[in-house]
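Thanks for sharing this one. Here are some notes to read with the structure open beside you.

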Amino acid sequence: MTLGEKLSKLRKENSYTQEQLADVLGVSRQAISKWESGAAYPETEKLIRISTLFDCSLDYLLKDGEETADERQPAPAQSFFRQRLHERKSARTVGGLPLWHIARNARGILAIGMNARGIVAIGLKARGILSFGVLSAGLLSFGLLSLGLLSAGLFTLGIFSAGCFAAGLFTVGAVTLGIIALGAVAVGDFSAGALAIGKYAAIGDHAKAMIAVGDTWAAGSVFQKTGSLTVQDAAYIKQLLGTVVPSRLSWAAEIFKLMI
């Protein structure tokens, strides 16, 4: 088989039209037609991209004749995911970005790949307004390690953060650290949880802060109460919050008052 015949076979096996393959490789459809007919040959850089795209060796492409099992195999350094993530992208674009792009390094309105960047990004590493990934960053971010305005995952950091281990302005999770922290173990300026440690106020089974309210144990330097709060207790705590909390955190104190 010639290079052109192999290219035609690989293209069809992977369900590409000549136009789609041309778009991926950054050439014209006529160029693909000439390569397949043997009227012209791809440049070295294009051959390397074809080899990567179709998971075959350069030896297989360049040597005439039937392929062998070894020649069809990609380079051993390629990972399982790299071998199977065939590049696709929309012909339509918005602001220079394709509507969707699937590739190892994907860029598009919707981007899916090992490294994905777009309005909506899905990948091992994802960056976008809405991102999903093992490592993700975005306004709305979901992943194993997540960073965003609103983030959720195993380890999260964000303005609003929810996760097994969460850090941020307002956090919810098993172990949390934030201005307002809610969790099994919560540490923050204002905290609530089974074990709540706060700078200004804490509510929980075990609580420690300037103002501490605990079901089982409480340690407070300004006020402490073990057990249920009375109406008078709640009113007094709200009054104390107005005196011990600095003005820059008054908004957080107002939110915390809703928990009392």
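Which residues form one aromatic cluster with Tyr200? Please bear in mind throughout that this is a predicted model.

1. To take that question straight away: Phe190 and Phe256 join Tyr200 in one aromatic cluster. The structure as a whole holds six aromatic pairs.

2. Two of the phenylalanine pairs are worth a look side by side. For Phe132 and Phe142, the ring centres are 5.3 Å apart and the planes meet at 15 degrees, so this pair is stacked. Phe160 and Phe170 have ring centres 6.4 Å apart and planes at 45 degrees, so they make a tilted pair.

3. You may like to check how these four rings sit with respect to solvent. Phe132 is partly exposed, with a relative accessible area of 34%, and Phe142 is partly exposed too, at 30%. In the tilted pair, Phe160 has a relative accessible area of 44% and Phe170 comes out at 25%; Phe160 is partly exposed, and Phe170 counts as partly exposed as well.

4. Moving on to helix α4, which spans residues 44-53, its buried residues are Lys46, Leu47, Ile50, Ser51 and Leu53. Viewed down the axis of α4, they fall within an arc of 165 degrees, so they line one face of the helix. The partners against which these buried residues pack are α1, α2 (18-25), α3 (29-37) and α5 (58-62). Just after α4, have a look at the backbone of Asp55, where phi is positive at about 55 degrees.

5. Arg11 deserves a moment of your time. This residue belongs to helix α1 (residues 3-13). With a relative accessible area of 9%, Arg11 is buried, because the cut-off for that class is under 20%. Setting aside neighbours within four places in sequence, Arg11 contacts Tyr16, Thr17, Gln18, Leu21, Glu36 and Phe54.

6. Another basic side chain to inspect is Lys6, which lies over the face of Tyr60, at 4.7 Å from the ring centre.

7. Lastly, is Ser221 buried or exposed? Ser221 counts as exposed, at 63% relative accessibility. You will find Ser221 in strand β5 (residues 105-226). Beyond its neighbours within four places in sequence, Ser221 is in contact with Ala209 and Met210. The C-alpha atoms of Ser221 and Ile211 are 6.9 Å apart in space, with the two positions 10 residues apart in sequence numbering.

Technical notes. Residues are numbered from 1 along each chain as its sequence is written. This is a predicted model: local features need pLDDT of at least 70, side-chain atom pairs count only at pLDDT 80 or more; totals for chains, interfaces and linings use all residues. Side-chain values use heavy atoms; hydrogens and water are left out. Helices (H or I, at least four residues) and strands (E, at least two) are DSSP runs, numbered from the N terminus. Buried means under 20% relative accessible area, exposed over 50%, partly exposed in between (1.4 Å probe, protein chains only). Contact means heavy atoms within 4.5 Å. The arc is that of the directions from the helix axis to the C-beta atoms. Rings of Phe, Tyr and Trp (its six-membered ring) pair if their centres lie within 6.5 Å; planes under 30 degrees apart count as stacked, over 60 as edge-to-face and the rest as tilted. A charge sits over a ring if NZ of Lys or CZ of Arg is within 6 Å of the ring centre and within 35 degrees of the ring normal.
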